[in-house]
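These are my notebook entries on a single structure. I record what I looked up, in the order in which I looked.

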Amino acid sequence: MAKEARTLLTSRAKNYLLMEYGRHLWDKVSVAPYQEREQDSDYYEAAPRVMACCWGPGNPATTFVMLDSNGEVLDTLYAASLSVRGQNAFVQQRKKSDQQRVIKFMTDHQPHVVVLGAVNLCCQQLRDDIFEIIFKMGEANPTEYGRMDDIIVVYADETIPRLYENACISSEQLQQQSGIVKRAVALGRYHQNPLAMVAALCGPAREILSWKLIPLQSFLTPDETYSMVEQVMVDATNQVGLDVNLAISHEWLFAPLQFISGLGPRKAACLQRSLVQASSLYTRKDLLNHGLGKKVFVNAVGFLRVRRSGNAASSSQFIDLLDDTRIHPESYWLTQEFAKDMYMALADDQDVNDEDVLEMAVEQMRDKSHWLKCLVVDAYAKSKRLESRKDTLNHIRFELIQGFQDWRKPYVGPNQDEEFYMITGETKETLFEGKMLQATVRRVQRHRAVCVLDSGLTGLLSKEDFSDYRGYRDLTEKLIEGDTLTCMVKSVQKRPNY
(Lines give C-alpha, C1' and ligand atoms only; values in the text may rest on other atoms or scores of the structure.)
Protein backbone atom coordinates (compact mmCIF):
# COMPACT_ATOMS: atom_id res chain seq x y z
CA MET A 1 0.00 0.00 0.00
CA ALA A 2 2.85 2.39 0.80
CA LYS A 3 4.48 1.68 -2.57
CA GLU A 4 1.20 2.23 -4.39
CA ALA A 5 0.60 5.48 -2.48
CA ARG A 6 4.07 6.76 -3.39
CA THR A 7 3.49 5.87 -7.04
CA LEU A 8 0.12 7.62 -7.05
CA LEU A 9 1.48 10.75 -5.35
CA THR A 10 4.46 10.85 -7.70
CA SER A 11 2.17 10.57 -10.73
CA ARG A 12 -0.08 13.37 -9.48
CA ALA A 13 2.89 15.57 -8.65
CA LYS A 14 4.36 15.06 -12.13
CA ASN A 15 1.04 15.85 -13.76
CA TYR A 16 0.86 19.07 -11.75
CA LEU A 17 4.42 20.01 -12.75
CA LEU A 18 3.63 19.30 -16.41
CA MET A 19 0.56 21.51 -16.24
CA GLU A 20 2.59 24.29 -14.60
CA TYR A 21 5.34 23.95 -17.21
CA GLY A 22 2.77 24.05 -20.02
CA ARG A 23 1.09 27.11 -18.53
CA HIS A 24 4.39 29.02 -18.26
CA LEU A 25 5.37 28.02 -21.81
CA TRP A 26 1.97 29.11 -23.14
CA ASP A 27 2.41 32.49 -21.44
CA LYS A 28 5.68 32.91 -23.35
CA VAL A 29 4.60 31.80 -26.84
CA SER A 30 1.07 33.22 -26.85
CA VAL A 31 2.32 36.82 -26.76
CA ALA A 32 1.91 38.87 -29.93
CA PRO A 33 5.02 40.50 -31.43
CA TYR A 34 6.06 43.97 -30.37
CA GLN A 35 4.11 46.63 -32.23
CA GLU A 36 4.63 50.33 -32.68
CA ARG A 37 2.43 52.62 -30.67
CA GLU A 38 -1.06 53.22 -32.00
CA GLN A 39 -0.73 50.37 -34.47
CA ASP A 40 -3.72 48.06 -34.72
CA SER A 41 -3.20 46.48 -38.11
CA ASP A 42 -2.16 42.92 -38.76
CA TYR A 43 1.12 42.18 -37.03
CA TYR A 44 2.87 41.14 -40.23
CA GLU A 45 2.49 44.66 -41.64
CA ALA A 46 3.12 46.30 -38.27
CA ALA A 47 6.40 44.45 -37.59
CA PRO A 48 8.94 47.03 -36.45
CA ARG A 49 12.51 47.59 -37.50
CA VAL A 50 14.50 46.41 -34.50
CA MET A 51 17.98 47.30 -33.34
CA ALA A 52 19.13 44.58 -30.96
CA CYS A 53 21.99 45.21 -28.56
CA CYS A 54 23.98 42.63 -26.59
CA TRP A 55 26.42 43.81 -23.94
CA GLY A 56 29.97 42.51 -24.27
CA PRO A 57 32.89 42.68 -21.83
CA GLY A 58 35.30 43.71 -24.58
CA ASN A 59 35.98 40.37 -26.18
CA PRO A 60 33.40 40.10 -27.61
CA ALA A 61 32.53 43.78 -27.70
CA THR A 62 29.09 45.28 -27.17
CA THR A 63 27.26 44.51 -30.41
CA PHE A 64 24.43 46.26 -32.26
CA VAL A 65 22.50 44.39 -34.98
CA MET A 66 19.90 46.07 -37.19
CA LEU A 67 16.99 43.94 -38.42
CA ASP A 68 14.43 44.93 -41.02
CA SER A 69 10.71 44.34 -40.48
CA ASN A 70 11.11 40.74 -41.71
CA GLY A 71 13.94 39.89 -39.31
CA GLU A 72 16.74 39.95 -41.88
CA VAL A 73 20.12 41.38 -40.87
CA LEU A 74 20.80 44.77 -42.40
CA ASP A 75 23.95 45.83 -40.59
CA THR A 76 26.17 45.08 -37.60
CA LEU A 77 28.18 47.42 -35.37
CA TYR A 78 30.72 46.70 -32.60
CA ALA A 79 31.20 49.34 -29.92
CA ALA A 80 33.75 48.13 -27.38
CA SER A 81 34.25 51.52 -25.68
CA LEU A 82 30.67 52.74 -25.49
CA SER A 83 30.13 52.04 -21.78
CA VAL A 84 33.65 52.52 -20.40
CA ARG A 85 33.87 54.62 -17.23
CA GLY A 86 37.46 55.82 -17.27
CA GLN A 87 38.06 59.55 -16.93
CA ASN A 88 41.32 59.95 -18.84
CA ALA A 89 41.27 61.76 -22.18
CA PHE A 90 42.12 58.69 -24.29
CA VAL A 91 39.27 56.60 -22.86
CA GLN A 92 36.78 59.44 -23.23
CA GLN A 93 37.86 60.00 -26.83
CA ARG A 94 37.23 56.33 -27.67
CA LYS A 95 33.83 56.48 -26.00
CA LYS A 96 32.92 59.63 -27.93
CA SER A 97 34.02 57.95 -31.17
CA ASP A 98 31.77 54.95 -30.46
CA GLN A 99 28.87 57.26 -29.66
CA GLN A 100 29.23 58.97 -33.02
CA ARG A 101 29.34 55.60 -34.80
CA VAL A 102 26.16 54.44 -33.04
CA ILE A 103 24.45 57.76 -33.85
CA LYS A 104 25.29 57.28 -37.54
CA PHE A 105 24.18 53.64 -37.35
CA MET A 106 20.78 54.58 -35.90
CA THR A 107 20.34 57.59 -38.19
CA ASP A 108 21.00 55.48 -41.27
CA HIS A 109 18.61 52.66 -40.32
CA GLN A 110 16.05 54.49 -38.14
CA PRO A 111 14.90 51.66 -35.84
CA HIS A 112 11.48 51.74 -34.23
CA VAL A 113 12.68 50.00 -31.07
CA VAL A 114 16.00 49.20 -29.38
CA VAL A 115 16.01 45.84 -27.61
CA LEU A 116 18.74 45.57 -24.99
CA GLY A 117 19.67 42.18 -23.57
CA ALA A 118 19.64 42.41 -19.77
CA VAL A 119 22.40 40.19 -18.39
CA ASN A 120 24.09 42.16 -15.59
CA LEU A 121 24.29 45.52 -13.88
CA CYS A 122 26.50 46.93 -16.66
CA CYS A 123 23.43 46.92 -18.91
CA GLN A 124 21.94 49.72 -16.84
CA GLN A 125 24.85 51.98 -17.79
CA LEU A 126 24.55 50.80 -21.39
CA ARG A 127 20.88 51.79 -21.47
CA ASP A 128 21.78 55.23 -20.13
CA ASP A 129 24.36 55.54 -22.92
CA ILE A 130 21.73 54.62 -25.53
CA PHE A 131 19.33 57.21 -24.11
CA GLU A 132 22.13 59.78 -24.31
CA ILE A 133 22.69 58.87 -27.96
CA ILE A 134 18.98 59.23 -28.72
CA PHE A 135 19.00 62.62 -27.01
CA LYS A 136 21.93 63.74 -29.15
CA MET A 137 20.09 62.52 -32.24
CA GLY A 138 17.15 64.69 -31.22
CA GLU A 139 19.42 67.70 -30.83
CA ALA A 140 21.01 67.12 -34.24
CA ASN A 141 17.70 66.50 -36.04
CA PRO A 142 14.80 67.83 -33.93
CA THR A 143 12.20 67.42 -36.68
CA GLU A 144 12.72 63.65 -36.86
CA TYR A 145 13.86 62.72 -33.35
CA GLY A 146 12.60 65.71 -31.43
CA ARG A 147 10.79 63.62 -28.86
CA MET A 148 12.61 61.16 -26.62
CA ASP A 149 9.83 58.62 -26.97
CA ASP A 150 10.17 58.34 -30.74
CA ILE A 151 12.59 55.43 -30.25
CA ILE A 152 11.66 52.95 -27.53
CA VAL A 153 14.36 51.18 -25.49
CA VAL A 154 13.27 47.96 -23.77
CA TYR A 155 15.07 45.36 -21.70
CA ALA A 156 14.77 41.73 -22.81
CA ASP A 157 15.72 38.36 -21.38
CA GLU A 158 18.66 36.70 -23.15
CA THR A 159 17.73 33.09 -22.27
CA ILE A 160 16.22 32.19 -25.65
CA PRO A 161 18.89 34.15 -27.62
CA ARG A 162 21.69 32.31 -25.80
CA LEU A 163 20.10 28.95 -26.51
CA TYR A 164 19.75 29.94 -30.17
CA GLU A 165 23.38 31.13 -30.27
CA ASN A 166 24.59 27.63 -29.39
CA ALA A 167 21.97 25.72 -31.40
CA CYS A 168 22.76 24.00 -34.68
CA ILE A 169 20.06 25.92 -36.53
CA SER A 170 21.81 29.24 -35.88
CA SER A 171 24.87 28.03 -37.80
CA GLU A 172 22.63 27.04 -40.71
CA GLN A 173 20.67 30.29 -40.80
CA LEU A 174 23.49 32.71 -39.91
CA GLN A 175 26.59 31.21 -41.44
CA GLN A 176 29.97 32.81 -40.64
CA GLN A 177 28.44 35.10 -38.00
CA SER A 178 29.99 35.37 -34.54
CA GLY A 179 28.19 34.05 -31.48
CA ILE A 180 27.22 37.45 -30.11
CA VAL A 181 25.76 38.47 -33.49
CA LYS A 182 23.63 35.31 -33.53
CA ARG A 183 22.49 36.13 -30.01
CA ALA A 184 21.58 39.70 -30.97
CA VAL A 185 19.68 38.53 -34.06
CA ALA A 186 17.66 36.11 -31.91
CA LEU A 187 17.03 38.89 -29.39
CA GLY A 188 15.54 41.11 -32.08
CA ARG A 189 13.63 38.36 -33.86
CA TYR A 190 12.04 37.23 -30.60
CA HIS A 191 10.36 40.64 -30.41
CA GLN A 192 9.22 40.37 -34.03
CA ASN A 193 7.89 36.81 -33.81
CA PRO A 194 8.18 35.03 -30.42
CA LEU A 195 6.51 31.84 -31.68
CA ALA A 196 8.98 31.36 -34.55
CA MET A 197 12.02 31.86 -32.30
CA VAL A 198 10.80 29.33 -29.72
CA ALA A 199 9.92 26.87 -32.50
CA ALA A 200 13.47 27.20 -33.85
CA LEU A 201 14.71 25.54 -30.64
CA CYS A 202 12.42 22.53 -31.10
CA GLY A 203 14.67 20.77 -33.61
CA PRO A 204 16.28 17.33 -33.33
CA ALA A 205 18.57 18.49 -30.49
CA ARG A 206 15.59 19.79 -28.47
CA GLU A 207 17.45 22.85 -27.19
CA ILE A 208 14.11 24.12 -25.84
CA LEU A 209 14.44 21.67 -22.94
CA SER A 210 17.31 23.78 -21.54
CA TRP A 211 14.89 26.66 -21.01
CA LYS A 212 14.08 26.56 -17.30
CA LEU A 213 10.54 27.79 -16.77
CA ILE A 214 9.67 26.37 -13.34
CA PRO A 215 11.89 25.65 -10.31
CA LEU A 216 11.12 21.89 -10.14
CA GLN A 217 11.50 21.25 -13.86
CA SER A 218 14.42 18.86 -13.24
CA PHE A 219 11.99 16.30 -11.78
CA LEU A 220 10.45 15.83 -15.24
CA THR A 221 12.09 13.58 -17.82
CA PRO A 222 13.07 15.10 -21.19
CA ASP A 223 10.40 13.05 -22.98
CA GLU A 224 7.69 14.18 -20.57
CA THR A 225 8.72 17.80 -20.93
CA TYR A 226 8.96 17.71 -24.72
CA SER A 227 5.55 16.06 -24.96
CA MET A 228 4.10 19.13 -23.24
CA VAL A 229 6.17 21.41 -25.48
CA GLU A 230 4.62 19.79 -28.55
CA GLN A 231 1.08 20.19 -27.17
CA VAL A 232 1.56 23.87 -26.41
CA MET A 233 3.36 24.65 -29.67
CA VAL A 234 0.70 22.88 -31.77
CA ASP A 235 -2.06 24.89 -30.07
CA ALA A 236 -0.19 28.19 -30.41
CA THR A 237 0.89 27.63 -34.03
CA ASN A 238 -2.53 26.60 -35.29
CA GLN A 239 -4.11 29.52 -33.49
CA VAL A 240 -1.85 31.96 -35.37
CA GLY A 241 -1.39 30.13 -38.66
CA LEU A 242 1.65 30.32 -40.92
CA ASP A 243 2.10 32.74 -43.82
CA VAL A 244 3.53 30.45 -46.50
CA ASN A 245 4.77 33.11 -48.94
CA LEU A 246 6.40 35.16 -46.19
CA ALA A 247 8.19 32.07 -44.86
CA ILE A 248 9.43 31.18 -48.35
CA SER A 249 11.16 34.56 -48.50
CA HIS A 250 12.47 34.43 -44.93
CA GLU A 251 13.61 30.97 -43.89
CA TRP A 252 13.57 31.52 -40.13
CA LEU A 253 9.76 31.95 -40.23
CA PHE A 254 9.39 28.32 -41.34
CA ALA A 255 10.25 27.04 -37.84
CA PRO A 256 6.63 26.63 -36.63
CA LEU A 257 5.68 24.60 -39.74
CA GLN A 258 6.37 21.29 -37.97
CA PHE A 259 3.59 22.09 -35.48
CA ILE A 260 0.87 22.64 -38.09
CA SER A 261 -1.85 20.00 -37.67
CA GLY A 262 -1.24 16.95 -39.83
CA LEU A 263 2.46 17.71 -40.28
CA GLY A 264 5.51 16.86 -38.22
CA PRO A 265 9.26 17.40 -38.50
CA ARG A 266 9.69 15.14 -41.56
CA LYS A 267 6.65 16.25 -43.57
CA ALA A 268 7.37 19.87 -42.68
CA ALA A 269 10.97 19.60 -43.89
CA CYS A 270 9.90 18.05 -47.20
CA LEU A 271 7.17 20.64 -47.70
CA GLN A 272 9.57 23.47 -46.91
CA ARG A 273 12.12 22.30 -49.49
CA SER A 274 9.42 22.00 -52.15
CA LEU A 275 7.93 25.42 -51.39
CA VAL A 276 11.32 27.14 -51.44
CA GLN A 277 11.99 25.67 -54.89
CA ALA A 278 8.64 27.00 -56.12
CA SER A 279 9.48 30.48 -54.70
CA SER A 280 5.79 31.41 -54.19
CA LEU A 281 2.29 30.00 -53.80
CA TYR A 282 -0.93 31.48 -55.17
CA THR A 283 -3.63 29.09 -53.99
CA ARG A 284 -4.03 26.61 -51.17
CA LYS A 285 -4.93 23.84 -53.62
CA ASP A 286 -1.39 24.01 -55.03
CA LEU A 287 -0.15 22.48 -51.77
CA LEU A 288 -1.29 19.13 -53.18
CA ASN A 289 1.50 19.53 -55.77
CA HIS A 290 4.15 19.86 -53.06
CA GLY A 291 4.06 16.36 -51.63
CA LEU A 292 1.04 16.62 -49.34
CA GLY A 293 -1.35 13.70 -49.47
CA LYS A 294 -5.08 14.36 -49.45
CA LYS A 295 -5.54 13.44 -45.78
CA VAL A 296 -2.59 15.56 -44.66
CA PHE A 297 -3.82 18.39 -46.88
CA VAL A 298 -7.28 18.28 -45.28
CA ASN A 299 -5.76 18.44 -41.78
CA ALA A 300 -3.20 21.17 -42.46
CA VAL A 301 -4.62 23.49 -45.11
CA GLY A 302 -6.85 25.52 -42.78
CA PHE A 303 -3.81 26.78 -40.88
CA LEU A 304 -1.60 27.65 -43.87
CA ARG A 305 -2.12 31.21 -45.08
CA VAL A 306 -1.71 32.05 -48.75
CA ARG A 307 -1.59 35.80 -49.18
CA ARG A 308 0.12 38.54 -51.13
CA SER A 309 3.38 38.64 -49.17
CA GLY A 310 7.02 37.73 -49.70
CA ASN A 311 7.81 37.01 -53.36
CA ALA A 312 4.09 37.05 -54.17
CA ALA A 313 3.69 40.67 -53.03
CA SER A 314 4.66 42.08 -56.42
CA SER A 315 2.77 39.50 -58.47
CA SER A 316 -0.38 40.40 -60.37
CA GLN A 317 -1.71 36.85 -60.20
CA PHE A 318 -5.10 36.47 -58.52
CA ILE A 319 -5.09 35.18 -54.93
CA ASP A 320 -8.38 34.10 -53.40
CA LEU A 321 -9.27 36.14 -50.33
CA LEU A 322 -10.52 32.99 -48.59
CA ASP A 323 -7.03 31.48 -48.74
CA ASP A 324 -6.02 34.04 -46.11
CA THR A 325 -8.69 32.98 -43.62
CA ARG A 326 -9.20 30.10 -41.22
CA ILE A 327 -12.09 28.92 -43.42
CA HIS A 328 -11.39 25.42 -44.69
CA PRO A 329 -11.56 24.88 -48.50
CA GLU A 330 -14.33 22.34 -47.87
CA SER A 331 -16.47 25.28 -46.68
CA TYR A 332 -15.64 27.72 -49.48
CA TRP A 333 -18.91 26.98 -51.30
CA LEU A 334 -20.87 27.67 -48.11
CA THR A 335 -18.95 30.90 -47.60
CA GLN A 336 -19.68 32.10 -51.13
CA GLU A 337 -23.38 31.31 -50.82
CA PHE A 338 -23.48 33.02 -47.43
CA ALA A 339 -21.72 36.13 -48.81
CA LYS A 340 -24.05 36.31 -51.82
CA ASP A 341 -27.16 36.01 -49.65
CA MET A 342 -25.92 38.70 -47.29
CA TYR A 343 -24.98 41.02 -50.12
CA MET A 344 -28.30 40.59 -51.90
CA ALA A 345 -30.17 41.24 -48.66
CA LEU A 346 -28.20 44.34 -47.68
CA ALA A 347 -27.03 45.94 -50.95
CA ASP A 348 -28.89 48.48 -53.05
CA ASP A 349 -31.33 47.02 -55.59
CA GLN A 350 -29.38 48.48 -58.50
CA ASP A 351 -26.31 46.43 -57.61
CA VAL A 352 -28.00 43.10 -56.91
CA ASN A 353 -28.47 42.14 -60.57
CA ASP A 354 -24.84 42.77 -61.45
CA GLU A 355 -23.39 39.27 -61.96
CA ASP A 356 -19.82 40.52 -61.57
CA VAL A 357 -20.66 42.04 -58.21
CA LEU A 358 -22.26 38.79 -57.03
CA GLU A 359 -19.16 36.88 -58.06
CA MET A 360 -17.12 39.21 -55.88
CA ALA A 361 -19.55 38.97 -52.96
CA VAL A 362 -16.88 37.68 -50.58
CA GLU A 363 -14.65 40.68 -51.27
CA GLN A 364 -17.62 43.00 -50.97
CA MET A 365 -18.56 41.61 -47.57
CA ARG A 366 -14.97 41.91 -46.36
CA ASP A 367 -14.93 45.58 -47.37
CA LYS A 368 -18.27 46.17 -45.66
CA SER A 369 -17.72 44.05 -42.58
CA HIS A 370 -19.96 46.33 -40.50
CA TRP A 371 -22.89 44.56 -42.17
CA LEU A 372 -21.71 41.24 -40.72
CA LYS A 373 -21.17 42.56 -37.21
CA CYS A 374 -24.89 43.09 -36.68
CA LEU A 375 -25.96 39.84 -38.39
CA VAL A 376 -27.89 37.21 -36.40
CA VAL A 377 -26.47 33.93 -37.69
CA ASP A 378 -29.07 31.78 -35.94
CA ALA A 379 -31.90 33.39 -37.91
CA TYR A 380 -30.01 33.02 -41.19
CA ALA A 381 -29.21 29.36 -40.51
CA LYS A 382 -32.85 28.65 -39.71
CA SER A 383 -34.08 30.38 -42.86
CA LYS A 384 -31.71 28.30 -45.00
CA ARG A 385 -32.29 25.07 -43.04
CA LEU A 386 -28.62 25.01 -42.08
CA GLU A 387 -29.07 24.59 -38.32
CA SER A 388 -26.45 21.80 -38.30
CA ARG A 389 -23.89 24.24 -39.77
CA LYS A 390 -24.62 27.10 -37.39
CA ASP A 391 -21.18 26.91 -35.73
CA THR A 392 -19.47 26.83 -39.13
CA LEU A 393 -21.43 29.87 -40.27
CA ASN A 394 -20.44 31.73 -37.10
CA HIS A 395 -16.76 31.00 -37.80
CA ILE A 396 -17.21 32.09 -41.43
CA ARG A 397 -18.75 35.36 -40.24
CA PHE A 398 -15.81 36.08 -37.92
CA GLU A 399 -13.25 35.27 -40.61
CA LEU A 400 -14.98 37.48 -43.16
CA ILE A 401 -14.89 40.34 -40.68
CA GLN A 402 -11.14 39.85 -40.13
CA GLY A 403 -9.31 36.82 -41.49
CA PHE A 404 -6.73 35.26 -39.20
CA GLN A 405 -7.29 37.82 -36.47
CA ASP A 406 -4.49 37.55 -33.94
CA TRP A 407 -6.00 36.36 -30.66
CA ARG A 408 -2.74 36.49 -28.72
CA LYS A 409 -2.32 38.86 -25.83
CA PRO A 410 -0.45 42.06 -26.80
CA TYR A 411 3.20 42.55 -25.98
CA VAL A 412 3.84 44.35 -22.68
CA GLY A 413 7.32 45.50 -21.71
CA PRO A 414 8.92 44.20 -18.51
CA ASN A 415 7.85 45.89 -15.29
CA GLN A 416 10.25 47.14 -12.60
CA ASP A 417 10.43 43.78 -10.81
CA GLU A 418 11.11 41.87 -14.04
CA GLU A 419 13.82 44.33 -15.06
CA PHE A 420 15.40 44.01 -11.61
CA TYR A 421 15.55 40.23 -11.76
CA MET A 422 16.83 40.18 -15.36
CA ILE A 423 19.67 42.61 -14.69
CA THR A 424 20.76 41.19 -11.35
CA GLY A 425 20.34 37.52 -12.19
CA GLU A 426 18.45 37.05 -8.93
CA THR A 427 15.02 35.47 -8.61
CA LYS A 428 12.17 35.60 -6.14
CA GLU A 429 13.59 32.43 -4.60
CA THR A 430 17.18 33.70 -4.22
CA LEU A 431 16.51 37.23 -2.95
CA PHE A 432 13.68 38.17 -0.62
CA GLU A 433 13.14 39.69 2.81
CA GLY A 434 14.42 37.28 5.47
CA LYS A 435 16.79 35.45 3.09
CA MET A 436 20.19 34.47 4.57
CA LEU A 437 23.11 34.98 2.20
CA GLN A 438 26.83 35.75 1.95
CA ALA A 439 28.10 39.30 1.33
CA THR A 440 31.59 40.74 0.89
CA VAL A 441 32.58 43.99 2.61
CA ARG A 442 33.76 46.60 0.11
CA ARG A 443 33.95 49.77 2.19
CA VAL A 444 33.72 50.41 5.94
CA GLN A 445 32.59 53.65 7.54
CA ARG A 446 31.97 54.49 11.18
CA HIS A 447 28.26 53.79 11.23
CA ARG A 448 27.74 51.59 8.20
CA ALA A 449 29.44 49.19 5.82
CA VAL A 450 28.92 48.78 2.08
CA CYS A 451 28.67 45.12 1.04
CA VAL A 452 28.41 43.41 -2.33
CA LEU A 453 26.52 40.21 -3.17
CA ASP A 454 27.71 37.61 -5.66
CA SER A 455 25.34 39.09 -8.28
CA GLY A 456 26.97 42.53 -7.93
CA LEU A 457 24.13 44.07 -5.95
CA THR A 458 25.13 46.55 -3.27
CA GLY A 459 23.86 46.21 0.29
CA LEU A 460 24.15 48.54 3.28
CA LEU A 461 24.88 47.23 6.77
CA SER A 462 24.25 49.75 9.56
CA LYS A 463 26.00 49.68 12.93
CA GLU A 464 22.75 48.92 14.74
CA ASP A 465 22.07 45.92 12.53
CA PHE A 466 25.53 44.40 13.06
CA SER A 467 25.11 41.60 15.62
CA ASP A 468 28.58 42.04 17.25
CA TYR A 469 28.72 45.82 17.44
CA ARG A 470 28.40 46.06 21.24
CA GLY A 471 31.65 47.07 22.86
CA TYR A 472 32.87 48.88 19.74
CA ARG A 473 32.59 52.60 19.05
CA ASP A 474 32.17 52.11 15.30
CA LEU A 475 32.30 49.43 12.61
CA THR A 476 35.87 50.23 11.55
CA GLU A 477 37.08 48.48 14.73
CA LYS A 478 35.31 45.26 13.75
CA LEU A 479 35.25 45.04 9.95
CA ILE A 480 37.84 45.41 7.21
CA GLU A 481 37.52 45.42 3.44
CA GLY A 482 37.26 41.88 2.04
CA ASP A 483 35.51 40.32 5.03
CA THR A 484 32.78 37.81 4.19
CA LEU A 485 29.63 38.11 6.27
CA THR A 486 26.49 36.05 6.65
CA CYS A 487 23.65 38.53 6.37
CA MET A 488 19.87 38.54 6.43
CA VAL A 489 17.99 40.66 3.90
CA LYS A 490 15.84 43.25 5.66
CA SER A 491 14.47 44.93 2.54
CA VAL A 492 15.00 44.99 -1.23
CA GLN A 493 14.82 48.32 -3.05
CA LYS A 494 14.02 47.75 -6.73
CA ARG A 495 14.51 51.31 -7.86
CA PRO A 496 16.13 52.07 -11.26
CA ASN A 497 19.61 52.60 -9.77
CA TYR A 498 20.19 49.12 -8.41
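**Entry 1: the antiparallel sheet**

In what order do the four strands of the open sheet with antiparallel pairing lie? I find the order 10-9-8-11. I note at the outset that the model is predicted. The edges of this sheet are strand 10 (458-462) and strand 11 (484-488), each of which pairs on one side only. I looked up the turn between neighbouring strands and found an average of 50°, with direction ignored.

I then followed one pair of strands. Strand 9 (residues 448-452) is joined to strand 10 by five bridges in the antiparallel sense. Within this pairing, A449 has L461 of strand 10 opposite to it.

**Entry 2: the five-stranded sheet**

I turned to an open sheet of five strands, whose order is 3-2-1-4-5 and whose pairing is mixed. Its edge strands, strand 3 (73-78) and strand 5 (152-156), each pair on one side only. From one strand to the next, the twist averages 20°.

How many bridges join strand 1 to strand 2? I count six between strand 1 (residues 50-57) and strand 2 (residues 61-67), and the two run antiparallel. M51 has M66 in strand 2 as its bridge partner.

Next I looked for helices against this sheet. Helix 2 (residues 89-109) packs on it and touches strand 1, strand 2, strand 3 and strand 4 (113-117). The direction of helix 2 makes about 170° with that of strand 3. Helix 3 (residues 122-140) lies across strand 1, strand 2, strand 4 and strand 5, and runs at about 165° to strand 5.

**Entry 3: backbone geometry**

I checked the loop between strand 1 and strand 2, where P60 lies. The peptide bond from N59 to P60 is cis, and its omega is near 10°.

I also looked up positive phi values outside glycine. Q176 has a phi near 65° and sits in the loop between helix 6 (168-173) and helix 7 (179-192). Is Q176 buried or exposed? Its relative accessibility is 85%, so I enter Q176 as exposed.

R206, which is likewise not a glycine, has a positive phi of about 55°. I place R206 in the loop between helix 8 (194-199) and helix 9. R206 counts as partly exposed, at 30% relative accessibility.

**Entry 4: helix 1 against helix 9**

I examined the crossing of helix 1 and helix 9 (residues 222-240). Their axes come within 9 Å and cross at roughly 35°. The crossing is right-handed. On the side of helix 1, the residues in contact include L18, L25 and W26; on the side of helix 9, they include M228, V232 and A236. I sorted the residues of this contact by type and obtained 11 nonpolar, three polar and three charged.

**Entry 5: salt bridges**

How many salt bridges does a search of the whole structure find? The search returns 22, and I looked at some of them individually.

In helix 1 (residues 2-29), D27 and R23 are four residues apart, about one turn of the helix. These two form a salt bridge whose closest N and O atoms are 4.0 Å apart. D27 has a relative accessible area of 31% and is partly exposed; R23 is also partly exposed, at 41%. I traced the pair further and found a network of salt bridges that links E20, R23, D27 and K409.

For D324 and R307, the closest N and O atoms of the salt bridge are 3.3 Å apart. Both D324 and R307 lie in the loop between strand 7 (304-305) and helix 13 (332-346), so this pair ties together parts that are 17 residues apart in sequence. Are these two residues buried or exposed? D324 is buried, at 16% relative accessibility, and R307 is buried as well, at 11%.

The last pair I looked up is K384 with D341, a salt bridge with its closest N and O atoms 3.5 Å apart. K384 is in the loop between helix 18 (377-383) and helix 19 (390-401), while D341 is in helix 13, so the bridge ties together parts that are 43 residues apart in sequence. K384 has a relative accessible area of 42% and is partly exposed.

Key. Residues are numbered from 1 along each chain as its sequence is written. This is a predicted model: local features need pLDDT of at least 70, side-chain atom pairs count only at pLDDT 80 or more; totals for chains, interfaces and linings use all residues. Side-chain values use heavy atoms; hydrogens and water are left out. A salt bridge is a side-chain nitrogen of Lys or Arg within 4 Å of a carboxyl oxygen of Asp or Glu. Buried means under 20% relative accessible area, exposed over 50%, partly exposed in between (1.4 Å probe, protein chains only). Two strands pair if DSSP finds at least two bridges between them. Axes are lines fitted to C-alpha atoms, for helices over the stretch in contact, and angles run from 0 to 180 degrees between N-to-C directions. Contact means heavy atoms within 4.5 Å. A crossing is left-handed if the near helix is turned anticlockwise from the far one by less than a right angle, and right-handed if clockwise. Ala, Val, Leu, Ile, Met, Phe, Trp, Tyr, Cys and Pro count as nonpolar, Asp, Glu, Lys and Arg as charged, and the others, Gly among them, as polar.
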